[in-house]
Amino acid sequence: MEGASVSDKSVFLSAANHFEDSLFRDMEALNVLPPNVVTRVSEYISPIVDFVQKSIDQVYGCETNGSVYFDVNKFNGSDGHFYAKLRPDQYGNTKALEEGEGKL
């Protein structure tokens, strides 16, 4: 069954809750402290959609066949912007980029 064809969307929440509960039980069994805050991407869909739309509006993103691609080079070429993924201190370090993503 394709996800888009499911009429009762609660099935997705139910599945996510099942695995989240299982994770927390496993953590408890391993004496791992529970998180102070649990963040679920499903709770932030609207801001994510807004962010993606803003990227498209600013011509940093391009929609193609239902996907949005981010133009890193265009973003880097704009004043005051640099794209360094999760390690801003490694900006410009092509060796680190190649280790993380492989040579493109």
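The protein chain puts about 9,100 Å² on show, and 57% of that area comes from carbon and sulfur atoms. Keep in mind that this is a predicted model. Of the chain's 104 residues, just 9% count as buried.

How is the chain built? The secondary structure comes to four helices and two strands. Walk along the sequence and the order reads α-α-β-β-α-α, with the two strands sitting between one pair of helices and another. As for contacts with a separation of 6 or more, residues 24 or more positions apart account for 0% of them.

**The charged trio**

Side chains of opposite charge can pair when their charged atoms come close. How many salt bridges turn up in the whole structure? A search finds two. Here they are side by side:

| Salt bridge | Closest N and O atoms |
|---|---|
| Arg40 with Glu20 | 2.7 Å |
| Glu43 with Arg40 | 3.2 Å |

Let's take Arg40 and Glu20 to begin with. Their closest N and O atoms are 2.7 Å apart, and the pair links distant parts of the chain, 20 residues apart. Arg40 belongs to the loop between helix H1 (10-29) and helix H2 (45-57), while Glu20 is in helix H1 itself.

Is Glu20 buried or exposed? Glu20 counts as buried because its relative accessible area is 17%, and the cut-off for buried is under 20%. Arg40, by contrast, has a relative accessible area of 27%, so Arg40 goes down as partly exposed.

Now for the other bridge. Glu43 pairs with Arg40, with 3.2 Å between the closest N and O atoms. Glu43 has a relative accessibility of 46%, so it is partly exposed too. Since the bridges share partners, Glu20, Arg40 and Glu43 end up joined in one network.

**The nonpolar patch**

Which residues make the nonpolar surface patch? They are Val41, Tyr44, Ile45, Ile48 and Val49, and the patch covers about 450 Å². One of these residues, Ile45, lies in helix H2. Ile45 comes in at 45% relative accessibility and therefore counts as partly exposed. That value also fits the patch rule, because patch residues need over 30% relative accessible area.

So, to recap the local picture: a salt-bridge network made of Glu20, Arg40 and Glu43, plus a nonpolar surface patch that includes Ile45.

Note on methods. Residues are numbered from 1 along each chain as its sequence is written. This is a predicted model: local features need pLDDT of at least 70, side-chain atom pairs count only at pLDDT 80 or more; totals for chains, interfaces and linings use all residues. Side-chain values use heavy atoms; hydrogens and water are left out. Buried means under 20% relative accessible area, exposed over 50%, partly exposed in between (1.4 Å probe, protein chains only). Contact means heavy atoms within 4.5 Å. Accessible areas come from the Shrake-Rupley method with a 1.4 Å probe; for residues, only the protein chains shown count as cover. A salt bridge is a side-chain nitrogen of Lys or Arg within 4 Å of a carboxyl oxygen of Asp or Glu. Patches are made of residues with over 30% relative accessible area and no salt bridge: like charges are joined within 9 Å, nonpolar side chains (Val, Leu, Ile, Met, Phe, Trp, Tyr) within 5 Å.
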